[in-house]
Amino acid sequence: MEFDFGAVLVDWRLLAKGIVWTIGLTAIATVIGMALGVACAWARASGPTWLRWVVGSYVELIRNTPFIVQLFFIFFGLPAAGVMLTPETASIIAMVANLGAYATEIIRAGIEATPKGQIEAAVSLALNRMQVFLRVVLPPAMKKVWPAMVSQIIIVMLGSAVCSQISVEELSYAANLIQSRNFRAFEAFIIATLLYLALSVGLRRLLNWAGPKYFFGR
Amino acid sequence: MNDFSLWDILRNLLLALRWTVVLSLIAFIGGGVVGGLLLFLRLRAGKWLDRAIGTYVQLFQGTPLLMQLFLAYFGIALMGVEVSAWTAATVALTLYTSAYLTEIWRGCVASISKGQWEASNSLALSFGEQLRHVILPQAVKIATAPTVGFLVQVVKGTALASVIGFVELTKAGSMISNATFRPFVVFSCVALLYFALCFPISLYAKHLERKINVNRR
């Protein structure tokens with residue numbers, strides 16, 4: 001067997017475009033998904049009973065079904081119910097919903113580990129409920145669960161490869177397009193896989209650095 | 001064109017669910033065997049082998065399962081062997097599972113205190129005896145919950161085998177959706193069937209976890 005990686009690499013523009021899409025989708029999903037996770041974690045820890053139940057069902061429903069099925073449901077299923085979405089929007093919604101559910105559980109674990117004395121101390125300083133949550137409970141909780149959060153964000157980034165199945169032009173779509181032109185399937189997918197590996201290593205470094213710096217102090 | 005009732009859809013999906021279950025079991029058991037072997041090698045062998053297996057784990061955890069499936073599909077074909085979707089999916093999912101399980105189990109073994117190794121060593125137990133009588137009985141207790149939890153990931157992972165043409169639940173859903181033009185109903189049913197399969201496993205994993213935490217307290 002002979003390999004011809006050059007045949008794939010001449011199409012580097014397609015690969016580069018794919019990487020940009022993968023990073024873009026992941027960035028948007030991370031920001032919105034984490035915000036959703038924080039909100040849901042709050043709702044699950046101290047919201048009214050009905051809200052807890054709604055959030056709990058959402059989390060379990062997402063965590064116990066495959067991402068590709070969620071994506072197909074949103075992209076193929078929802079138009080039948082009158083909601084038309086572009087492939088990109090559908091992907092972002094699916095990724096946000098997915099990360100949001102896992103983030104809820106991760107952040108909740110951190111929140112539950114907060115010592116009661118800290119909350120009582122904060123309340124005795126006349127902070128209101130919102131302030132207590134955002135300034136006293138959340139930062140140390142995020143710090144505690146950050147490694148798990150980073151792993152989950154990477155899993156979502158890797159999961160975005162599936163979005164090629166609804167023709168979002170991200171990295172694995174690019175690899176598929178290239179191999180359909182030159183029939184160098186193995187080479188194309190090896191290169192795409194290595195690029196994903198580099199992305200996940202880079203993303204882990206970036207988040208490990210950015211987390212303490214911007215989200216929860218040293 | 002004949003009409004499909006909800007029962008027709010559900011019945012065909014249930015037939016396809018079999019293959020999701022079979023593929024999950026093969027990947028889980030195969031992955032468990034390979035993962036156990038890797039764990040043994042990692043505990044036994046020197047630094048370079050430990051590092052090599054560490055790299056193996058990183059490779060599978062740092063790349064998309066979809067790419068692994070494609071690589072298995074086209075990679076085995078390069079070796080001149082006729083590949084079916086069955087072979088490719090089984091190989092890829094088994095290796096994927098083995099990487100995760102070996103890492104989970106390594107963590108469990110590492111959490112057994114060093115004194116246990118030293119004490120059993122001082123009793124002149126061989127490496128195999130140490131594992132069998134001292135380390136593994138303790139490690140297995142800790143490992144059960146995350147291992148069962150990972151089974152959910154395997155079941156969900158099999159959905160990606162649909163992309164290389166393996167007809168399991170997701171692929172059957174796509175095909176039925178194309179035939180009936182009722183994607184909303186079909187994919188709702190597909191999602192619910194996955195949920196019915198995975199949720200009990202998740203609950204069981206959570207139950208096991210709680211049980212261990214109570215024992216430790």
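This report walks through a predicted model of two chains, A and B, going from the whole chains to their contact and then to a few single residues.

**The two chains**

Let's start with the overall make-up. Chain A is built from nine helices and has zero strands, so reading along its sequence simply gives α-α-α-α-α-α-α-α-α. Chain B has eight helices, again with zero strands, and from the N terminus its elements go α-α-α-α-α-α-α-α. The table puts some chain-level values next to each other.

| Chain | Residues | Buried residues | C-alpha extent along the principal axes | Share of contacts (separation at least 6) that join residues at least 24 apart |
|---|---|---|---|---|
| Chain A | 218 residues | 45% buried | roughly 70 × 45 × 25 Å | 78% of contacts |
| Chain B | 217 residues | 37% buried | about 75 × 50 × 25 Å | 76% of contacts |

To put the last column in words for chain A: take the contacts between residues at least 6 apart in sequence, and 78% of them link residues at least 24 apart. For chain B, 76% of the contacts with a separation of 6 or more are between residues 24 or more positions apart.

**How sure is the predictor?**

For the complex, the predictor reports an ipTM of 0.91 and a pTM of 0.92. Chain B has a mean pLDDT of 92, with 98% of its residues at 70 or more. Looking element by element in chain B, helix H5 (residues 114-122) has the lowest mean pLDDT, 91. The highest, 95, goes to helix H4 (residues 85-110) of chain B.

**Where A meets B**

How many residues does each chain bring to the contact? Chain A puts in 30 residues and chain B puts in 30 residues. On the chain A side, helix H3 (49-63), helix H4 (67-80) and helix H9 (185-215) each bring at least two residues. H9(A) has the largest share of that side, with 10 residues. Sorted by class, the side of chain A that touches chain B holds 21 nonpolar, seven polar and two charged residues.

Now for one helix pair across the contact. A pair of packed helices is described by the distance between the two axes and the angle between them. The axes of H9(A) and helix H3 (residues 65-78) of chain B come within 9 Å and cross at roughly 145°. The crossing of H9(A) with H3(B) is left-handed. From H9(A), the residues taking part are A:Ala185, A:Phe186, A:Phe189, A:Ile190, A:Ala192, A:Thr193 and A:Tyr196. Facing them from H3(B) are B:Met67, B:Phe70, B:Leu71, B:Phe74, B:Gly75 and B:Leu78. By class, this helix-helix contact has 11 nonpolar residues, two polar and no charged.

**The nonpolar core**

The largest nonpolar core has 120 residues. Which of its residues touch the most other members? They are A:Leu71, A:Phe189, B:Leu69 and B:Val190. A:Phe189 also turns up in the contact of H9(A) with H3(B). As for A:Leu71, setting aside residues up to four places away in sequence, its contacts are A:Ala90, A:Ser91, A:Ala94, A:Val162, A:Cys163 and A:Ile166.

**Two residues on H8 of chain B**

B:Ala205 sits in helix H8 of chain B. Why is B:Ala205 partly exposed? Because 19 other C-beta atoms lie within 10 Å of its own, and a residue needs 20 or more to be buried. Its C-alpha is 5.3 Å from that of B:Gly149, although 56 residues separate the two in sequence. Leaving out residues up to four places away, B:Ala205 touches B:Ala145, B:Val148 and B:Gly149.

B:Ile212 belongs to helix H8 (residues 183-216) of chain B too. B:Ile212 counts as partly exposed because it has 14 C-beta neighbours inside 10 Å. Apart from neighbours within four places in sequence, B:Ile212 is in contact with B:Lys141, B:Ile142 and B:Ala145. B:Ala145 is thus a contact of B:Ala205 and of B:Ile212. B:Pro146 lies 66 residues from B:Ile212 along the chain, and their C-alpha atoms are separated by 11 Å.

**Out at the start of chain A**

A:Phe3 is in the segment before helix H1 (5-9) of chain A. Is A:Phe3 buried or exposed? A:Phe3 counts as exposed because it has 12 C-beta neighbours inside 10 Å, and 12 or fewer is the cut-off for that class. Between the C-alpha atoms of A:Phe3 and A:Ala113 there are 53 Å, with their positions 110 residues apart along the chain.

Technical notes
Residues numbered from 1 in each chain as written. Chains lettered and ligands numbered in written order. Predicted model: local features only at pLDDT ≥ 70, side-chain atom pairs only at ≥ 80, totals over all residues. Helix = DSSP H or I, 4+ residues; strand = E, 2+ residues; numbered from the N terminus. Contact = placed C-beta atoms within 7 Å. Nonpolar A, V, L, I, M, F, W, Y, C, P; charged D, E, K, R; others polar. pLDDT = per-residue confidence, 0-100. Core = buried A, V, L, I, M, F, W, Y, C linked by C-beta atoms within 7 Å. Axes fitted to C-alpha atoms, helices over the stretch in contact; angles between N-to-C directions. Left-handed = near helix turned anticlockwise from the far one by under 90°.
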